[in-house]
Amino acid sequence: MSTRPSTHRAAGEARRTALLEAAVEVIATRGVRGATHRAIAEKAKVPLSTTSYFFGSIDELIAEAMRMSATRLIASLDQARLEIAAEGLSPAEMIDRYVDLLIDVPATFRAAEFEIYVQCGHMPELQAIAHDLIAGFEQAAHDLLRDVGAPKPDVGARSVVALADGFALQRFAWPRGDDDRHHLAAGLRALLTVFVPAAATAE
């Protein structure tokens with residue numbers, strides 16, 4: 001008897017998560033304006049009424065979907081950062097590992113992220129979502145800078161995120177394989193010489 005409510009809650013949570021994951025995919029492929037209740041429900045393979053059962057509006061659904069995906073991604077980056085720091089690598093080796101992590105960020109998330117940013121000018125309600133995303137990635141960049149020895153890691157965090165975002169955006173138009181890794185690493189090292197003692201970022 002006591003297992004039914006628990007099972008029901010688990011099923012409900014699974015449907016809610018499916019909607020959130022589907023919303024990110026729809027935003028990535030159809031844009032924010034194409035992220036309708038119907039499109040997301042179809043992608044999640046749930047009844048249309050499910051979206052309004054869990055979320056008060058499409059804006060709430062989009063916001064929660066992007067926050068969930070960003071939270072997952074940043075948590076995985078943070079876990080990887082802790083593992084990298086524990087390996088006793090040189091700052092240059094750490095940068096190379098971080099570059100691999102940035103390159104491997106799922107393209108679906110990146111496409112949805114950039115769609116949110118671009119549409120902020122036309123849809124002010126998206127600005128809060130964009131601010132949350134950027135703040136999360138700036139915190140991750142702050143931790144990277146701290147790990148490689150920056151005396152003031154908060155100062156360069158915004159620049160590091162802008163560099164990573166710029167590379168990611170260009171890769172949608174012109175992916176260049178291993179060359180992307182090489183140039184992102186070179187750009188990151190060059191940028192970090194401004195915030196970290198030059199010797200620390202030498203190859």
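What span should the 13 residues of α6 have at 1.5 Å a residue, and how far apart are its end C-alpha atoms? The expected span is 18 Å and the end C-alpha atoms of α6 are 18 Å apart, so the two values agree. The model under discussion is a predicted one. The points below treat helices α6 and α7, the largest pocket, contacts of the aromatic rings, and selected residues of α2, α4 and the loop after α2.

**Helices α6 and α7**

- Helix α7 comprises 21 residues, from 127 to 147. The distance from its first C-alpha to its last is 30 Å, close to the 30 Å expected at 1.5 Å a residue.
- The buried residues of α7 are Ile129, Ala130, Leu133, Gly136, Phe137, Ala141, Asp143, Leu144 and Leu145.
- These buried residues pack against five helices: α4 (58–86), α5 (91–103), α6 (107–119), α8 (153–173) and α9 (178–195).
- In general, an α-helix has 3.6 residues a turn, so residues three or four places apart point the same way.
- Just after α7, Gly149 adopts a positive phi of about 100°.
- In α6, the buried residues include the charged Arg110, Glu113 and Glu115. Phe109, Ala111, Ala112, Phe114, Ile116 and Gln119 are likewise buried.

**Arg81 in helix α4**

- Arg81 belongs to helix α4. Arg81 counts as buried because its relative accessibility is 9%, under the 20% limit for that class.
- Beyond residues up to four places away in sequence, Arg81 touches Tyr98, Asp143, Leu144, Arg146 and Asp147. Of these partners, Asp143 and Leu144 are also listed among the buried residues of α7.

**The largest pocket**

- The largest pocket holds about 290 Å³ of space.
- Its lining consists of 19 residues, and Leu77, Leu102, Phe137, Ala140 and Ala141 lie nearest the centre.
- Helices α4, α5, α7 and α8 each supply at least two residues of this lining. The greatest contribution comes from α7, with six residues.
- Phe137 and Ala141, both named among the residues nearest the pocket centre, are also buried residues of α7.

**Aromatic rings and charges**

- There are four aromatic pairs in the model. One of them joins Tyr53 and Phe54 in an edge-to-face arrangement, with 4.9 Å centre to centre and 90° between the planes.
- Tyr53 counts as exposed because its relative accessibility is 63%, over the 50% limit for that class.
- Phe114, Tyr117 and Phe172 are linked into a cluster by ring pairs.
- The charged end of Arg110 sits over the ring of Phe137, 5.9 Å from its centre. Arg110 is a buried residue of α6, and Phe137 is a buried residue of α7.
- The charged end of Arg176 is placed over the ring of Trp174, 3.5 Å from the ring centre.

**Helix α2 and the loop after it**

- Ala41 is located in helix α2. With 3% relative accessibility, Ala41 counts as buried.
- Leaving aside neighbours within four places in sequence, Ala41 is in contact with Leu19, Val46, Pro47, Leu48 and Thr51.
- Ala41 and Gly12 are 29 residues apart in sequence, and their C-alpha atoms are 14 Å apart in space.
- Lys45 lies in the loop between α2 (37–44) and α3 (49–54). At 74% relative accessibility, Lys45 counts as exposed.
- Most residues other than glycine have a negative phi. Lys45, although not a glycine, has a positive phi of about 60°.

Technical notes. Residues are numbered from 1 along each chain as its sequence is written. This is a predicted model: local features need pLDDT of at least 70, side-chain atom pairs count only at pLDDT 80 or more; totals for chains, interfaces and linings use all residues. Side-chain values use heavy atoms; hydrogens and water are left out. Helices (H or I, at least four residues) and strands (E, at least two) are DSSP runs, numbered from the N terminus. The expected span of a helix is 1.5 Å times one less than its number of residues. Buried means under 20% relative accessible area, exposed over 50%, partly exposed in between (1.4 Å probe, protein chains only). Contact means heavy atoms within 4.5 Å. Rings of Phe, Tyr and Trp (its six-membered ring) pair if their centres lie within 6.5 Å; planes under 30 degrees apart count as stacked, over 60 as edge-to-face and the rest as tilted. A charge sits over a ring if NZ of Lys or CZ of Arg is within 6 Å of the ring centre and within 35 degrees of the ring normal. On a 1 Å grid over the protein atoms alone, a cavity is a set of points where a 1.4 Å probe fits but cannot get out, and a pocket is an open set with protein on both sides within 12 Å along at least five of seven lines; lining residues have an atom within 4 Å of a point. Grid points are joined across faces, edges and corners, and a volume is the space filled by probe spheres set on the points.
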